[in-house]
Amino acid sequence: MAIRLPGITNAKNILRRSNSFAKKAASAFMDVPKGHLAIYVGESQKKRFVVPVSFLNHSSFQQLLGKAEEEFGFDHPMGGLTIPCSEDIFIHLTSRLHELL
């Protein structure tokens, strides 16, 4: 004779779902190498870029961060750092910063 405990079954399902969510979230972060960060760039449609953390020290990059702070504060809708500028400007800036490294 089996005893059914509906609370335990529900708990197992919740754990199973939260575990699969954690695996998906971890896989999204795994493609960012150590010493880099993911940034979402764009004015309407956002594109994801992975840049070295050393970019954060440059004044031109800090100006973009200031613009992001003005628009989003600390609430970034993409879940990561979002910079509201055109992709062309961002690519131009990062290519210049890569030349300095």
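How much accessible surface does the protein have, and what share of it belongs to carbon and sulfur atoms? In this predicted model, the accessible surface comes to about 7600 Å², and 58% of it belongs to carbon and sulfur atoms.

**View 1. The whole protein, with its three helices and three strands.** Followed along the sequence, these elements come in the pattern α-β-β-α-β-α. The protein has 101 residues, of which 25% count as buried. When contacts between residues at least 6 apart in sequence are considered, 47% of them join residues that are at least 24 apart.

**View 2. Confidence along the chain, from helix 1 to strand 2.** The average pLDDT of the protein is 75, and 64% of the residues score at least 70. Confidence is lowest in helix 1 (residues 6-30), where the mean is 50, and highest in strand 2 (residues 47-52), where it is 92. Over residues 18-27 the pLDDT stays under 50, and for this stretch the model has zero contacts beyond four places in sequence. Where pLDDT is low, the predicted coordinates should not be read in detail.

**View 3. Strand 1 and its pairing with strand 2 and with strand 3.** Five of the six residues of strand 1 are buried, so this strand is largely enclosed by the rest of the structure. Strand 1 pairs with strand 2 in the antiparallel sense over six bridges, and within this pairing Leu37 has Val51 of strand 2 as its bridge partner. With strand 3, by contrast, strand 1 pairs in the parallel sense over three bridges, and here the bridge partner of Tyr40 is Thr82 of strand 3. The hairpin formed by strand 1 and strand 2 has five residues between the strands, and in this hairpin Gly42 takes a positive phi near 145°.

**View 4. Helix 3 and the elements that cover its buried residues.** The 14 residues of helix 3 (residues 87-100) should span 20 Å at 1.5 Å a residue, and the end C-alpha atoms of the helix are indeed 20 Å apart, which agrees. Phe90, Leu93, Thr94 and Leu97 are the residues of helix 3 to look for here, as they are buried. Seen down the helix axis, the buried residues of helix 3 fall within an arc of 95°, so they line one face of the helix. Asp88 and Glu99, on the other side of helix 3, are exposed. The cover over the buried residues of helix 3 includes strand 1 (36-41), strand 2, helix 2 (59-72) and strand 3 (81-83).

**View 5. Thr94, a residue of helix 3.** Thr94 has a relative accessible area of 10% and is therefore buried, as the cut-off is under 20%. Leaving out residues up to four places away in sequence, Thr94 touches Val51 and Phe55. Val51 is also the residue of strand 2 that serves as bridge partner of Leu37.

**View 6. Gly35, in the loop between helix 1 and strand 1.** Gly35 counts as partly exposed, with a relative accessibility of 45%. Apart from neighbours within four places in sequence, Gly35 is in contact with Val51, Pro52 and Val53. The C-alpha atoms of Gly35 and Ser54 are separated by 8.0 Å, although these two residues are 19 residues apart along the chain.

Key
Residues are numbered from 1 along each chain as its sequence is written. This is a predicted model: local features need pLDDT of at least 70, side-chain atom pairs count only at pLDDT 80 or more; totals for chains, interfaces and linings use all residues. Side-chain values use heavy atoms; hydrogens and water are left out. pLDDT is the predictor's confidence in each residue, from 0 to 100. Helices (H or I, at least four residues) and strands (E, at least two) are DSSP runs, numbered from the N terminus. Contact means heavy atoms within 4.5 Å. The expected span of a helix is 1.5 Å times one less than its number of residues. Buried means under 20% relative accessible area, exposed over 50%, partly exposed in between (1.4 Å probe, protein chains only). The arc is that of the directions from the helix axis to the C-beta atoms. Accessible areas come from the Shrake-Rupley method with a 1.4 Å probe; for residues, only the protein chains shown count as cover. Two strands pair if DSSP finds at least two bridges between them.
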